[in-house]
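Me: I'd like to go through this one and ask, label by label, what each term rests on. Here's the entry.

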Amino acid sequence: MSMAHSQDNSAANLKEEYERFTGRKLSFLFAFILAIILLAGYAATLGSADISVMGVYSAILARFFPGHFQTDWFSDTIVWGLRLHRILLAIVGGFGLATAGAVMQGILKNPLASPFTLGISSAAGFGAALAIVMGAGFVGGQWLIVGNAFIFTVLASLAVYGLAKYKGITPETMILAGIAIMYFFSAMTSFLQYVGHAEQVQEVVFWMMGSLGRSSWDKVWIVSGVIALCFPYLLIKSWDINALGAGDETAKSLGVNVERTRVICMMLVSFITAAVICFTGTIGFIGLVAPHITRMIIGGDHRFLLPISGLAGGLLLLAADTVARTILAPVILPVGIMTAFLGVPFFVYLFVRRKKEFW
Amino acid sequence: MKIICILALLFCIFYLPGIASSSETASIPGDTNGDRMVSAEELQNAEKEFGEGKISSADLETIRLIHESYPRSVKDSTGEEVTIYKPVERIAVMTTEDYEILRTLNSTDKIVAASKYIVQSMEEGSGDLYADGAGYANIGSPISSVDWEALIKADPDLVITYVSSPKQEDLDRNLGGTNIPVIRWDSGNISQYIYIVKNMGRLLDKDEEAEEYSEFFDESLGRYLDEVKARSQAEKPKVYLEADFGGGQTYFTCGSGHAHNALVAAAGGDNIFSGLQGFKQVDPESVAMKNPDAILRYKYLKDSPGIEKELSNTTALEVLRDELLNRQELGRTPAIQNRCVYVFTWDCTRGGARFFLGMGYLGKWLQPEIFHDYHPREAYQEYLNRFQHVDVDVLNSGVFAYPEE
């Protein structure tokens, strides 16, 4: 009787402990959501146009409650036509890049892994450079650069997959294949810069620094759509990614199809990354560091790590873009520079403060 | 011991010739004491050698010319004094602007090497504009990759290049010891252009040609630019200049220090971002807030309408203009409301086209009262025919700007 009672107690304690464990993580999840909402609300009020805070919120609310809030054409155009889609692209773009980084680090069991490790940024950069310098690409018109960046990113992922498949899908083969692809596309981009005119080289460099200046509502919907399509599967597979962290043998013994999980996850995060960076240019830092920051705060359980990394990435990119477009106004700095300026000090702070190993 | 002997031998084979070649200098005819000038005494020696049949009469004439007229010095666009010690017979030209100046001065027969933008005119998107330069030694690009070996092999006695390209340390490292004078001209700068033409005319003994061009420039364009200079700041429209060098991004503009800013200023516009330095992306809201009276869009693409296009083939430029006209955030600016939105291409900013076409179109858009009787195509055609001797018809073909009026 007393033994059964003790078992009940122990189970209750365990459940309580687990609930505390998950509760803490959920509280971080909500804290990040709240921080993003607050920062987005603040970012919406910043800009060169002289619109008051009330003017901004009236312009936002007038679309939802036309009878209750009044706005003018200028405020409506600035807020809805310039600021809001940029803010949302920062959030969804940062979410996508950070999630992709967290998944890559998980499936490759490598703290330095990110979609960019597999040559994705180099491929996108080459695609854009090809369009800028040679005017050549798979699609024409205004989609030339975007289309090239996207298609070359997907091609790079397929090439990494093909090379790794040849030698067996392991973290080592994927990283080595990725590094080979990265150097190949980097060399091709350097060649294009070498033969290009000074102005074209400058354009390529600007593209590769990343910018949210090309945002629009269409792009927000496309990126959001891709993330909405891919993220649920990654979240479902987060248990499997956790299992991969314990080693391929252990994961297999737990019933995980290691190779399939690794390949599908890699393809999905490549797809997400391609969708983001074809519109923004290469913003590499988020995918590498946002998952690390999150891991240092909430640990390595991918069920929580994936969404919270995404939110941390969104928050970081939004903060970086807000500073980038206001610190030297009217000049807008490339956001890729600002993500590192803001993220590195925070990362180093956590790195120094943290006593136990987080990886 | 054997190893020391081998090392010494290798030193002699590889190092000594290097020292010898690096200290080799372009020789000055008649200069016997190495001071790079011909003194009266050295001229007498030359006359004596001519009497003895050791040198030809042409050689003697050259030595006499050097004695009488050299050295000659000019201050280039960097403020550096460049000295020429003998008549320039072999020129390496790295810029299309200076190539056009040499054509203006009827001095292309002195060119021995040129940049790829001249030698490979067709591949570099200039059509037939520099077709006569195809036979020169190709010395690459002054901006990204000079072929130093080809340049030295061409054995020029004058190199003409941009103000900042190639970098001075590259020039010193690669041409150091050759004593080849290098002149850096800012030939895209309207305030220096006539000075450059006249000084090059003086260096090449082509003063008459330089003067003829100077008169033509004053008559065809200079007088309009003088009128613009007399305008007060208040009479100059506020201009937002958007530059797209191929990346397709919006809201990149050119501030002070950029050649396009100088173009706007000379044509009578007040660049709203002249306070910025160089090429920068700006906040769209700031453009709307500054209320530009005119918006100019510069497009750089190899497949953009150019010198060889049909006159009516303006679709690409119309699309670019429409995109600007439809930007909601700029919808309330005077520029959009009055449809003062104009597009011009790379073809308008290259060589002489920068002035006769580029500045001309900008003048017509920004100061229509002054430029009302100026015709960019006619002025450029006359420049091409009279001074460039190029068989290119810009009256009945070519798309450079939209709308032209």
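Me: How many bridges join E3(B) to E8(B), and do they run parallel or antiparallel?

Reply: Three bridges join them, and the two strands run parallel. Keep in mind that this is a predicted model. Two strands pair if there are at least two bridges between them, so E3(B) and E8(B) make the cut. One of the facing pairs is B:Val93 with B:Ile160 in E8(B).

Me: What makes strand E8 (residues 158–161) of chain B a partner of E9(B) as well?

Reply: The argument repeats: three bridges join E8(B) to E9(B), against a minimum of two, so they pair, and they run parallel. B:Val159 has B:Val182 as its bridge partner in E9(B), and B:Thr161 stands opposite B:Arg184.

Me: Which strands make up the open sheet, and in what order?

Reply: Five strands of chain B, ordered E5-E4-E3-E8-E9, with parallel pairing.

Me: Why are strand E5 (137–138) and strand E9 (182–184) of chain B called edge strands?

Reply: Each of them pairs on one side only.

Me: Which helix packs on that sheet, and which strands does it touch?

Reply: Helix H4 (residues 96–104) of chain B, which touches strand E3 (91–93), strand E4 (111–114) and E8 of chain B. The direction of H4(B) makes about 135° with that of E3(B).

Me: What makes E8(B) covered on both faces?

Reply: B:Leu158 and B:Ile160 are on one side, B:Val159 and B:Thr161 on the other, and all four are buried. Buried here takes 20 or more other C-beta atoms within 10 Å. E8(B) also belongs to a right-handed β-α-β unit, together with helix H7 (residues 168–175) of chain B and E9(B).

Me: How do you know that helix H10 (residues 259–266) of chain B is mostly covered?

Reply: Six of its eight residues are buried. Among them are B:His260, B:Asn261 and B:Leu263. Just after H10(B), B:Gly268 takes a positive phi of about 95°.

Me: Why is B:Asn291 called partly exposed?

Reply: B:Asn291 has 14 other C-beta atoms within 10 Å. Buried needs 20 or more and exposed needs 12 or fewer, so B:Asn291 falls in between. B:Asn291 lies in the loop between helix H11 (284–290) and strand E14 (294–299) of chain B, and its phi is near 50°, a positive value in a residue other than glycine.

Me: And why does A:Lys109 count as partly exposed?

Reply: A:Lys109 has 18 C-beta neighbours inside 10 Å, which is short of the 20 for buried and over the 12 for exposed, so partly exposed is the label. You'll find A:Lys109 in the loop between H3 and helix H4 (120–134) of chain A. Phi of A:Lys109 is near 50°, again positive in a non-glycine residue.

Me: What makes A:Met188 partly exposed?

Reply: A:Met188 has 18 other C-beta atoms within 10 Å, so the in-between class applies. A:Met188 sits in helix H6 (residues 171–195) of chain A.

Me: How do you know that the radius of gyration of chain A agrees with a compact globule?

Reply: A compact globule of 359 residues would have a radius of gyration near 21 Å, and chain A has 22 Å, so the two agree. The C-alpha atoms of chain A fill a box of roughly 75 × 60 × 40 Å along the principal axes, and 50% of its residues count as buried.

Me: How many helices and strands does chain A have?

Reply: Chain A has 14 helices and zero strands, while chain B has 16 helices and 16 strands.

Me: Where is the cis peptide bond that involves A:Pro330, and what is its omega?

Reply: That bond joins A:Ala329 and A:Pro330, with omega about 10°. A:Pro330 lies in the loop between helix H13 (302–326) and helix H14 (335–353) of chain A. In chain B, the bond from B:Tyr402 to B:Pro403 is cis too, with omega near -15°.

Me: How many residues does each chain bring to the contact?

Reply: Chain A brings 29 residues and chain B brings 29. H7(A) gives the most to the chain A side, with seven residues. By class, that side has 14 nonpolar, 10 polar and five charged residues.

Definitions and conventions
Residues numbered from 1 in each chain as written. Chains lettered and ligands numbered in written order. Predicted model: local features only at pLDDT ≥ 70, side-chain atom pairs only at ≥ 80, totals over all residues. Contact = placed C-beta atoms within 7 Å. Axes fitted to C-alpha atoms, helices over the stretch in contact; angles between N-to-C directions. Nonpolar A, V, L, I, M, F, W, Y, C, P; charged D, E, K, R; others polar. Rg over C-alpha atoms; globule rule 2.2 N^0.38 Å. Right-handed = clockwise from strand over helix to strand, strands pointing away.
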